[in-house]
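Hi,

Here's the structure I said I'd send over. Have a look at it first, then read on for what turned up.

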Amino acid sequence: MTHRLLAAILLLAVPAVPARAQAPSPPSDVTAPPVDSMRTPSGLATKLIESGKSERKVLPTDLVATHYSLWTTDGKLIDSTRTKNTAVRFPLENVIPGWQECVLLMTIGEKRRCWIPQNLAYNGQKGRPAGMLVVDIELIDARQSPTIPPPDVAKAPDDAQKT
């Protein structure tokens, strides 16, 4: 077998690794929420980027799957699933309050930009970004958390088979 043929066979046998995407550029309104953004009583500012394809709203205890990009207001990218080409799934109750509030406004398939004030972000925690944060979120999916017991665990249903 020639070296060229062997090299071609080996290339076919190795699964393709997804290429890392280029880091997303900060939005043009990263420095401050635009006039047409909606403000919530907590101080979160938000703007719809793209409507969702579902009517389903997220519950605070859901596991959510998202793509996101997070910036400081000076345009520094903190983190992005877009650069990794992989969405993430996590319990919504495990993220900063502003992120939670933003996602709770969304429906499945929606894309939204939120300006999270410091008190709803890391609130001065050492080693964390300070000040307002800007996040673009695409809500891909939401599912009930498996840690929440179903309502019928207190007793077996009447039609349960007993052994």
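How many of the residues of strand S3 (residues 63-72) are buried? This is a predicted model, and in it 10 of the 10 are buried, so S3 is largely enclosed by the rest of the structure. You can check both faces of the strand: Leu63, Ala65, His67, Ser69 and Trp71 point one way, Val64, Thr66, Tyr68, Leu70 and Thr72 point the other way, and all are buried.

Next, the partners of S3. With strand S7 (residues 133-143), S3 pairs in the antiparallel sense over 10 bridges. If you want a spot to zoom in on, find Thr66, whose bridge partner in S7 is Leu139. Strand S5 (residues 88-91) also runs antiparallel to S3, joined to it by 4 bridges, and there Leu63 sits opposite Pro91. Then there's strand S4 (residues 77-80), again antiparallel, with 3 bridges to S3; Leu70 faces Asp79 there. S3 and S4 form a hairpin with 4 residues between the strands, and Gly75 in that hairpin has a positive phi near 90°.

Now for a loop residue. Gln118 is in the loop between strand S6 (111-116) and S7. Is Gln118 buried or partly exposed? Its relative accessible area is 32%, so Gln118 counts as partly exposed. Setting aside neighbours within four places in sequence, Gln118 is in contact with Asn123, Gly124, Ala130, Gly131 and Met132. Gln118 and Leu44 are 74 residues apart along the chain, and their C-alpha atoms are separated by 9.9 Å.

Cheers

Technical notes: Residues are numbered from 1 along each chain as its sequence is written. This is a predicted model: local features need pLDDT of at least 70, side-chain atom pairs count only at pLDDT 80 or more; totals for chains, interfaces and linings use all residues. Side-chain values use heavy atoms; hydrogens and water are left out. Buried means under 20% relative accessible area, exposed over 50%, partly exposed in between (1.4 Å probe, protein chains only). Helices (H or I, at least four residues) and strands (E, at least two) are DSSP runs, numbered from the N terminus. Two strands pair if DSSP finds at least two bridges between them. Contact means heavy atoms within 4.5 Å.
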